[in-house]
Amino acid sequence: MANVTVIGAQWGDEGKGKIVDWLASRADAVVRFQGGHNAGHTLVVGDKTYKLSLLPSGIVTGTLSIVGNGVVLDPWHLKAEVEKLEGQGVEINPDNFAIADNCPLILPIHRDLDGLRETAAGSGKIGTTGRGIGPAYEDKVGRRAIRVCDLAHLDHLEPQLDRLCAHHDALRAGFDQPPIDRERLLAELREIAPFVLQFAQPVWKRLKKVRKAGAKILFEGAQGVLLDIDHGTYPFVTSSNTVSGAAAAGSGLGPNATGFVLGIVKAYTTRVGSGPFPTELEDEVGKGIGERGHEFGTVTGRQRRVGWFDAVLVRQTCAISGVTGIALTKIDVLDGLDEVKVCTGYRLHGKIMDYFPSHAADQAAVEPIYETMPGWKESTAGARSYADLPANAVKYIQRVQELIETPVALVSTSPQREDTILMRDPFMD
Ligand code: GDP
Ligand code: IMO
Ligand code: MG
């Protein structure tokens, strides 16, 4: 099993970027397969911090990095992110970076629509990242998207623009917005096209070649399973499938390429944006964990909501996504607490539940049932061996593993790349 698929097993921000960066030096290619620049993956290497939203985290180690067809791509953001990373000394060229030519584009009209809808929804808003992700995916399945390959055929874009405008102009009128300025959109696409096209290719072909040579492929998920369009806390979700199964469709490789599914799991829970969150803490304990964990969104700077570890949710997301093993991150953030709580079940209208129900009203109504464990006063920060962990931290990890019915493969103890404990090598499995 040479390949590894990394996915978030909560509501995102579990530390996927750090773990992908750590694994990337041993991979031959890193592939993003869903989402867009709504992701925010932070990598800390020595005294340098890299913040990636669209580019695969493998780019920092110079590993071949690929944006698969399942991603929605904002070409202007792409240019800005490439330039920002180049400014930090990262080399990006067509040898180490490729974009699927069948990727749908995120256009300025998508970003506008995302914002207009959120504003109109008032307190019912999703709390999106405002980057046009939802509207771009809608246009993809509505068969009116403009794709990367269209950038090489802009002289023949009229029929597609007709379809796009017929849909969007009606929507825009409902928000008192003028129709799409077609000339301006075309001019903007013409300007950005050469930058994008230098990286564009049928990446399924490149990946086929890489795979034939026996190389290791690392799939990098964005968001988390609880934000999945099918399995998440609908409608408070993102607009793509974030489960491991999306890696195959979103890259152009078959499902047998997925390999070891590594679920990234934070030692507690966070969520950014609206929606149900059974174990949310709105007290000083939650505030303390949020401050120690620097829980502020990479993309929007919003404060993340914080809560205890929810074993019911993670058991469910691991099952749904076929997780082989997890990487438990940010255990150091729990250092110093007198006690730690873990949610082991829910109570819903007097009944005990061992899973998270599908209906939004039930999801909002479940009350967590907690198991309390003693905390640890010693520091786990920077530990690189299991033997360095305090006894109560080990007990916590073992209890988590038991409750989620999935083994722990890695433990992360700081933002730094090397502060990682390896228990089971996903590439060797
Ligand atoms: P992602 O979206 O899943 O890649 O996660 P983010 O990068 O948005 O958020 C995770 C944050 O926690 C980042 O700032 C990381 O640098 C940091 N981080 C990752 N692993 C650890 C860890 O084990 N301990 C601590 N203290 N911070 C970590
Ligand atoms: P990473 O990859 C956390 C959330 C938004 C909002 C919902 C829909 O860093 O883990 P969207 O803009 O996607 O339509 O917003 O999804 N969201 C994330 N939350 N981490 C992310 O990515 C997220 N990407 C989207 O906050 O609730
Ligand atoms: Mg993030």
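**Helix α2 and ligand 1 in a predicted model**

Q: How many residues has helix α2, and what is its reach from first C-alpha to last?
A: In this predicted model, local features need pLDDT of at least 70, side-chain atom pairs count only at pLDDT 80 or more, and totals for chains, interfaces and linings use all residues. Residues are numbered from 1 along each chain as written, ligands are numbered from 1 in the order written, and side-chain values use heavy atoms, without hydrogens and water. Helices are DSSP runs of H or I with at least four residues, and strands are E runs of at least two, numbered from the N terminus. Helix α2 spans residues 75-87, close to the 18 Å expected (1.5 Å times one less than its number of residues), with 13 residues and a reach of 18 Å.

Q: Why do the buried residues of α2 line one face of the helix?
A: P75, H77, L78, E81, V82 and L85 are buried (under 20% relative accessible area, 1.4 Å probe, protein chains only). An α-helix has 3.6 residues a turn, so residues three or four places apart point the same way. Seen down the axis of α2, the directions to the C-beta atoms of its buried residues fall within an arc of 150 degrees.

Q: Which elements do the buried residues of α2 pack against?
A: Contact here means heavy atoms within 4.5 Å. The partners of these α2 residues are β4 (48-52), β6 (97-100) and α6 (182-197).

Q: Which backbone nitrogen does a side-chain oxygen of D74 reach at the start of α2?
A: The oxygen of D74 comes to within 2.9 Å of its partner. That backbone nitrogen belongs to W76.

Notes
Buried means under 20% relative accessible area, exposed over 50%, partly exposed in between (1.4 Å probe, protein chains only). A polar contact is a pair of N or O atoms within 3.5 Å; within protein, one must be able to donate a hydrogen and the other to accept it, and residues adjacent in sequence count only if both atoms are side-chain atoms.
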